[in-house]
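Student: I have a structure open in front of me, and I would like to learn how to read it. Could you walk me through it, one feature at a time?

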Amino acid sequence: MINSVSIVAGGLVGHFTGKLFKPEQREMLNKTCGISVLFIAIAGAMEGMLRIEGAKISSGRSMLVVLCLAIGTIIGELIGIEKAFERFGEWLKAKTGNSKDAGFVNAFVTASLTVSIGAMAIMGAIQDGLLNDYSTLAVKSVLDFIIIAVMTSSMGRGCAFSAIPVFVFEGCITLLARLVSPVMTATAIAYLSLIGSILIFCIGLNLVWGKKVNVANMLPAVLLAILAAYLPWRS
């Protein structure tokens, strides 16, 4: 609930401050937001792939990345996750009186993926459900407030409605925390963070250069990353 409220609040702030900018300024702000997302994602991905061994820096988990993304994308394309997101966005657009907002669906989908993908959402919800400790979600809420405020000011009010999938996603994990927590080992969290960071990188690409990647169709890669933690392999 805290995370969802922070997203709505960020959306409201972004909606009113966005009116102060000219179209070209909002476009530049959108690209700036995308560049920020790219570097955040790169940092997360490098943390998962690079390791220091003595005086050398070596990389690993490349096979994990390739297999999870390739197989996950095939599954997502066959299921049509991106289209399902867009249909829900179109439904929200009509029901909330935003039919004239041409960018509503893209803003909703982009923002939803940005604030839903990542280890903080899953681990924060598990901690909340098991220990009544919402500190991780509280920190995430502050970050999401800033992210959504910036995205809404440049992309439109559709970003604020990303509170809905976040509420459902984190709420379900919180309620099912006792079932999910044994699965989320340290390795599973590390793999999840790595693949999640790469998906966030793809979101940044779409923000800077226009939609190039159907990121929602890549979401099964996150589940595959968790499953990969239980395979007897070295990445």
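Tutor: Let's start with a helix and ask which of its residues are hidden. In this predicted model, the buried residues of α2 are N30, C33, G34, V37, L38, A41, G44, A45, G48 and M49. Here buried means a relative accessible area under 20%.

Student: Which elements do those buried residues of α2 pack against?

Tutor: Two strands and three helices: β1 (50-53) and β2 (56-59), together with α3 (62-79), α7 and α10.

Student: How does the span of α2 fit with its number of residues?

Tutor: A helix can be checked with a simple rise of 1.5 Å a residue. The 27 residues of α2 should therefore span 39 Å, and its end C-alpha atoms are 39 Å apart, which agrees.

Student: May we try the check on another helix?

Tutor: Of course, let's take α8 (163-175). With 13 residues at 1.5 Å a residue, α8 should span 18 Å, and its end C-alpha atoms are indeed 18 Å apart, so the two values agree.

Student: Which residues of α8 are buried?

Tutor: They are A163, P165, V166, E170 and I173. Look down the axis of α8: these buried residues fall within an arc of 165 degrees, so they line one face of the helix.

Student: And what covers the buried residues of α8?

Tutor: The cover includes α1 (2-18), α5, α6, α7 and α9 (177-180).

Student: Now I would like to understand empty space. How is it found?

Tutor: Rolling a probe the size of a water molecule over the atoms shows where empty space is left. Let's begin with the open spaces, the pockets. The largest pocket here has a volume of about 600 Å³, and several elements give two or more residues to its lining: α2 (23-49), α5, α6 (119-131), α7 (135-155) and α10.

Student: Which element gives the most to the lining of the largest pocket?

Tutor: That is α2, the helix we began with, which gives 8 residues. The lining has 24 residues, and I40, T114, L143, I147 and I200 lie nearest the centre of the pocket. By class, the lining divides into 14 nonpolar, 8 polar and 2 charged residues.

Student: How does the second largest pocket look when read that way?

Tutor: Its volume is about 490 Å³. It is lined by 20 residues, and those nearest its centre are I122, F169, L219, V222 and L223. At least two lining residues come from each of α5, α8, α10 and α11 (220-228), with α11 supplying the largest share, 4 residues.

Student: What classes of residue make up the lining of the second largest pocket?

Tutor: There are 16 nonpolar and 4 polar residues, with no charged residues in this lining.

Student: What about closed spaces? How many cavities of 30 Å³ or more does a search of the whole structure find?

Tutor: The search finds 1, and about 80 Å³ of space lies in it. Its lining is made of E82, N106, V109, T110, L113, I203, N206, K211, V213 and V215. Of these, α5 (104-116) and α10 (186-209) each supply at least two, and α5 gives the most, with 4 residues. Sorted by class, the lining has 5 nonpolar, 3 polar and 2 charged residues.

Student: Can we look at one lining residue, V213? Where does it lie?

Tutor: V213 is in the loop between α10 and α11. It is partly exposed, with a relative accessible area of 22%. Leaving out residues up to four places away in sequence, V213 touches C202, N206 and M218. Another cavity-lining residue, I203, is 10 residues from V213 along the chain, and their C-alpha atoms are separated by 7.8 Å.

Student: One last feature: what can I learn from backbone angles?

Tutor: You can look for a positive phi in residues other than glycine. R61 is such a case, with phi near 65 degrees; it sits in the loop between β2 and α3. N132 is also not a glycine and has a positive phi, of about 55 degrees; its place is the loop between α6 and α7.

Student: Are R61 and N132 buried or exposed?

Tutor: R61 is partly exposed, with a relative accessible area of 22%, whereas N132 is exposed, at 63%.

Terms used. Residues are numbered from 1 along each chain as its sequence is written. This is a predicted model: local features need pLDDT of at least 70, side-chain atom pairs count only at pLDDT 80 or more; totals for chains, interfaces and linings use all residues. Side-chain values use heavy atoms; hydrogens and water are left out. On a 1 Å grid over the protein atoms alone, a cavity is a set of points where a 1.4 Å probe fits but cannot get out, and a pocket is an open set with protein on both sides within 12 Å along at least five of seven lines; lining residues have an atom within 4 Å of a point. Grid points are joined across faces, edges and corners, and a volume is the space filled by probe spheres set on the points. Ala, Val, Leu, Ile, Met, Phe, Trp, Tyr, Cys and Pro count as nonpolar, Asp, Glu, Lys and Arg as charged, and the others, Gly among them, as polar. The expected span of a helix is 1.5 Å times one less than its number of residues. Buried means under 20% relative accessible area, exposed over 50%, partly exposed in between (1.4 Å probe, protein chains only). The arc is that of the directions from the helix axis to the C-beta atoms. Contact means heavy atoms within 4.5 Å.
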